[in-house]
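Q: Please take a close look at chain B. Then set that part beside the rest of the assembly.

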Amino acid sequence: MTLQVIDNATCTFCGCVCDDIQLHHDEMRIYKAKKACVLGTAWFLNHTAEKKYPDALIDGKEATVEEAIQMAATLLHEADMPLVYGMSNTTCEAQKECVAMADQLGALLDSHTSL
Amino acid sequence: MLRITGGKVYDPANEIDGQIKDICIDDHGQIVDSVDGGRTIDATGMIIFPGGVDVHTHVAGGAMNFARAMTPEDHRRTQAFIRTKNRRSGLGGMAPTTFATGYLYAGMGFTTVNEAAVPVLSARHTHEELADIPIVDKTTLTLMANNEIMMDQMEAGEYERAKNVVAWYIWAAKSYGVKAVNPGGVAAWKWGADAKQLSSPIAGYNTLTPGKIVTMLATICDDLGLPHPMHLHCNNLGAPGNISTTLDTLKHLEGHRAHIAHSQYHAYGGDGWDTMCSATAQLAEYFNTHPNITTDAGAVLFGDTVTITADGPWQHLLYKLTGRKWGNLDVENETGCGIVPYTYRPSNLVNAVQWASGLELMLLIKNPWQVFLSTDHPNGGCFWRYPEIIQLLMCADFRKECIAKLPDKIKGRITLPEIDREYTLYEVATSMSAGPARALGLTQKGNLGVGCDADIVIYEEEDDVARMFSHPRYVIKAGEIVIEDGDIKETPEGREFLVKPNYAPETHEFMRPLFEDCYTMQFDNYPVELERIENPVMQPLKLEK
Amino acid sequence: MYWGGNPAECHPRHFTKYTLMQKSKFLPRGRKDRTMVLVDIRETKSAKASDIFLQVRPGKDFELITILRAMIKEQHVGDEQIAETGMTREVLDDLVHRMKSCKFGCFFFGMGLSMTRGKHMNSAALLTLAAEMNAFTKFVAMPMRGHGNVTGADVIMRWQTGYPFGITFNRGYPRYNPGEFSTVDVLVRGDCDAAFIIGADPGATMPQPAIEHLKRIPTICLDPHVTHTSNLARVHITTAPQGIAAPGTAYRMDELPLPLKPALKSPYPSDEEVVRRINAAIAEKPFWLAEGSQPQMITNQV
Amino acid sequence: MTITLTLKQAPAVPLEAEVLSPDVFAELSNAEIRALIVYNGKRQVPLEEFFDVDGERSDELVLHGDLTKVRLIGRGMSKGSVTVHGRVGMHLGAHMKGGRIEVHGDASDWIGAEMKNGFIHVHGNAGGQIGAAYRGSLAGMKNGTIIVDGTAGLEVGMRMRRGTIILGGQAKDFTGLQMKGGTIILMDGAEIRTGAWMNRGTIISMKPIKLMPTFAESNDSNPTFMNVYARQLKRFGVNLPFAASEGIYQRFSGDLAVPGNGEILVWQPA
């Protein structure tokens, strides 16, 4: 089987964010992450596109993404002082949406930096 | 569709000086001859200007964002825009948040801004921030005068290659033109040195001098046909006696187009802080005899601000002078930046000279098409204080009142008390809109002629000039009413103007090994993707057919 | 100079790709043209890469940096005081001499500095020392950020709110006060009544009282895995991992944004998509501030 | 005539109530006071939802209840008095310009932060950043007096410029951090890094304290200002010894790292 190759891929495991990684993959799994360090290699090879987890959980029970989104919106909207936290292991595009969420909710907003 | 009737129109681009004239706007946000239907604004008794254009400001990018982090105390005491269902919250002040930047600019009738200092390496970041500045349209200038790959070509006498490299960088940054800051000096700062003499070789180079960079880069901008000429922050900023450096620099620009940024900071006489005085008369004389050069004032207003400039060595000096906070950023082999909060005080003789010098330049340079309203935001003062400068330009009596509050020792150091000129509304419209738009080569801006962008500001005429200019009755951006009676009505996305200068196709592969030699990121990830620019508009080059 | 960090194990390519090994125009011999100093409380693997290893006594970083601030200004510090940090005068004299005579110095500091007693003041100390060193030579300092794109969160919060973290919007505009609005403090005091967690697993890493509060309140968690936090949350949504299956941007620790190039086709939506959809669902509900109840802008913040 | 406010129910999330200030209450009727807006988390609610209000038109406020989550009490007040029977939350008397606040109970962080003048007395323990500068600000309290009978947290008097802070119990780290002036009196000493990076000002400790390595011992002395000072402090119930027969003050100056001219006086009984 020939694998697809992505050049100059970016590793987001640590703050170095090396952008010179060559990934060999078949869309389901990454088999090789050239130039990546030991931590980066583990990061790339341990994730797969398999469906290992349910789409969503509400109170521990499987749910659809849409149900979970509606539930999340309701819980956050009802709260008097919600908190939006984290944002380390995610993209800038998602982070912008998180700041927008806190702004829209009147919430607390914080990242790992405060630790 | 919109029709504005009965207003007194000040449209210097079409030599309209206060005539009553209707303006019609179509559904594409452009000015047209006539429209059928739609809303009508009765502007009887009101004044109509083309929307303001800021030729030189710092509103986005790594340095501004560093300044935000450094000044929480200012965020706490400044304007806070409250969240509404559809509008983001924001904070104003010396280093406003992106959303507030859009509200504040639009709030005083400015609809286009030129972010004047973008390192290519952080261009991706700058564009992301610009996309979060609502309402106003933007252009960006790429920092080039300390770029080591370009400097190496210049040192080797390879003009064509240097030109290709510059063009390549402009497109990689998805930018609009070239900014030169303290040519050679920022590169030297990486060794803790500076470049103050135009004819002395730069630290790390054998023959390359700041003067050679100035001439070559100006030539490159001309040859590439950039709509905006080289935008130059001269060497030796802020230093007493730097007028000689500035005039020397201008000599290196003979026969070229150029825009000299914030010339107030480059127009000092004297030989030390004790003897520092204004030398604006000499500089203004040069502009008055050289119509090929434009400038912006870089005026200073008394009060708190934060200074941000790629001029790293100057900022370290300012930090030593103030003993306050200091931030420094080095942008690999491209440029750098320093950030120092600063308070301009009327009681401080140096600050008083600076305050007077900015106004002197605006008053002594005769042609308002050559000198534009700016504070080099936030360096000389915050952009949202522009109406205060307009008041100082329009009211000689008010100016005299302000001069009277300066220390006695100011006498003989400035020429402002001897100047009686008062700006007319037509001149203000030229200096804050038509002039900067033309200098930027933005033909669709600062102009109320048919086919231009319907960016319009309407003021209720009143005697209190500062109030009038800070509280427009209506602000219209691309045909949409965004401000009405001080209320923010809409916050549409702005657009970004870009150019794609021509470069030899082999430049890309020529750059690759040079890049890989000295950069920390991958060459192929370096150019900003066009898809990342929010609403890009390609502006044509000025090439001779 | 690395201070309180162990790049050899935590940022393995930092030496080779960014700081020590690279040859350059002005340092053509690469590693040979550089001096590397490591300051840490124990001799980690990074010490092998260093020319000079200084073992500071645990909890004495702030004192040592403050001594260096005094020594570069030629202020006299007693031998006994120096000894308490685990150093000797000879070692510090040599260090100060090297620092002053280098052409371009850089501090990289890790969590061994910023997360130990003194916390933000330890970082402030090193940043101040770096600033003051510029009276003698070029010097800069940079934190060694862990956690992937934590830098991106910092950068974005700054341009959108003016502040880097520890923010509240409860008055309709951003306010900042670490210690008051920072997460661990908020959770331990029980100040919030709902939590939205993304790209983090506080259920595994935070102090127990904070975790207890997350269990008490409705918690919503987005993660590519079902985590400790997911297990205590009311709502968990599985998302595609960033840079592996989700596209976008991430900031390097020096605030350089880099594009992500995902390889895999995840069966799960991206964080970006899910948060956007939650925001849209919230926007369908009544806005929490009554229309017209607030001025557009105020100048008297609390 | 006083206005008495009694907390009906402890708020679940922080209650921001800068309206609990004599300046606000002085001219208001009972109904107007009850209608004042406070922030329960992000919700704007009338004061009466959380407090029973007895009395009107007075600048003397008396508060009862567990106000641990009630923040910003007496913020920016310039006159009158606030007396609290119970614990209080953060920012008590921050930015205050005058008047007095007395707490019969514990207080939290940031009491008297950036205050310009006035008097605060906490009979219990307090948190950190007493009289301090908020993050990024160049100066903390500019005048006034803060007394805490019990212990205090981190960064007490951080960047304070003038005024006096007196702590009966022990303080945590960084007491007098980057102090620019004023006086901090520690009746029971402090943990570590006292006076770090101080520029000017005086810290007086009645107990031996751990000093920064960058403080130099100068001369032992009982400075003459001490007896003037001690007399002034008597009215706050603080007894500062000054007679040579009782002991001596060991004097240290620093912080050399700045380099600064601050002084730390440590009492050594005879």
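A: Chain B comes first below, followed by the contacts of chain A and then by chain D.

The model is predicted. Start with the sheet in chain B. Seven strands make up an open sheet; their order is 3-2-7-23-24-25-26. The pairing is mixed. Which strands stand at the edges? They are strand 3 (16–20) and strand 26 (487–488) of chain B. Each has a single partner strand, so one side of each lacks a neighbour in the sheet.

Move inward along that order. Strand 7 (residues 46–50) of chain B is joined to strand 23 (residues 456–460) of chain B by 5 bridges. The two run antiparallel. F49(B) faces a residue of strand 23 of chain B: the one opposite is V457(B).

Two helices deserve a look here. Helix 15 (residues 425–440) of chain B packs on the sheet. Helix 15 of chain B touches strand 2 (8–11), strand 3 and strand 7 of chain B. The direction of helix 15 makes about 35° with that of strand 7 of chain B. Helix 3 (residues 98–107) of chain B lies across another set of strands: strand 24 (474–477), strand 25 (480–484) and strand 26 of chain B. Helix 3 of chain B runs at about 85° to strand 25 of chain B.

Now a single residue. T249(B) sits in helix 9 (residues 243–251) of chain B. Is T249(B) buried or exposed? T249(B) is buried, because 24 other C-beta atoms lie within 10 Å, and the cut-off for buried is 20 or more. Leaving aside residues up to four places away in sequence, T249(B) touches L198(B), V214(B), C234(B) and N235(B). For Y519(B), the separation from T249(B) is 270 residues in sequence. In space the two are 31 Å apart, C-alpha to C-alpha.

Chain B also meets chain A. That contact takes 7 residues from chain B and 5 residues from chain A. By class, the chain B side has 1 nonpolar, 3 polar and 3 charged residues.

Chain A has a contact with chain C too. Here 79 residues come from chain A and 95 residues from chain C. On the chain A side, several elements each supply at least two residues, among them strand 1 (4–9), helix 1 (38–46), helix 2 (65–78) and strand 7 (108–111) of chain A. Which helix of chain A gives the most? Helix 3 of chain A does, with 14 residues. By class, the chain A side divides into 48 nonpolar, 20 polar and 11 charged residues.

Strand pairing crosses between these two chains. Strand 4 of chain A and strand 10 (residues 235–238) of chain C are joined by 3 bridges and run antiparallel. L57(A) has H236(C) as its bridge partner in strand 10 of chain C.

Last, chain D. Chain D holds 3 helices and 17 strands. Its domain assignment gives domain 1 (1–77) and domain 2 (109–269). The centres of the two domains of chain D, taken over C-alpha atoms, are 32 Å apart. Along the principal axes, the C-alpha atoms of chain D fill a box of roughly 60 × 35 × 25 Å. The radius of gyration of chain D is 19 Å. A compact globule of 270 residues would have one near 18 Å, so the value agrees. Of the 270 residues of chain D, 54% count as buried. Take the contacts in chain D between residues at least 6 apart in sequence: 40% join residues at least 24 apart.

Conventions:
Residues are numbered from 1 along each chain as its sequence is written. Chains are lettered from A and ligands numbered from 1 in the order in which they are written. This is a predicted model: local features need pLDDT of at least 70, side-chain atom pairs count only at pLDDT 80 or more; totals for chains, interfaces and linings use all residues. Helices (H or I, at least four residues) and strands (E, at least two) are DSSP runs, numbered from the N terminus. Ala, Val, Leu, Ile, Met, Phe, Trp, Tyr, Cys and Pro count as nonpolar, Asp, Glu, Lys and Arg as charged, and the others, Gly among them, as polar. Two strands pair if DSSP finds at least two bridges between them. A residue is buried if 20 or more other C-beta atoms lie within 10 Å of its own, exposed if 12 or fewer, and partly exposed in between; C-beta atoms are placed from the backbone. Domain bounds come from an automatic or database domain assignment. Axes are lines fitted to C-alpha atoms, for helices over the stretch in contact, and angles run from 0 to 180 degrees between N-to-C directions. The radius of gyration is taken over C-alpha atoms; the globule rule is 2.2 Å times the number of residues to the power 0.38.
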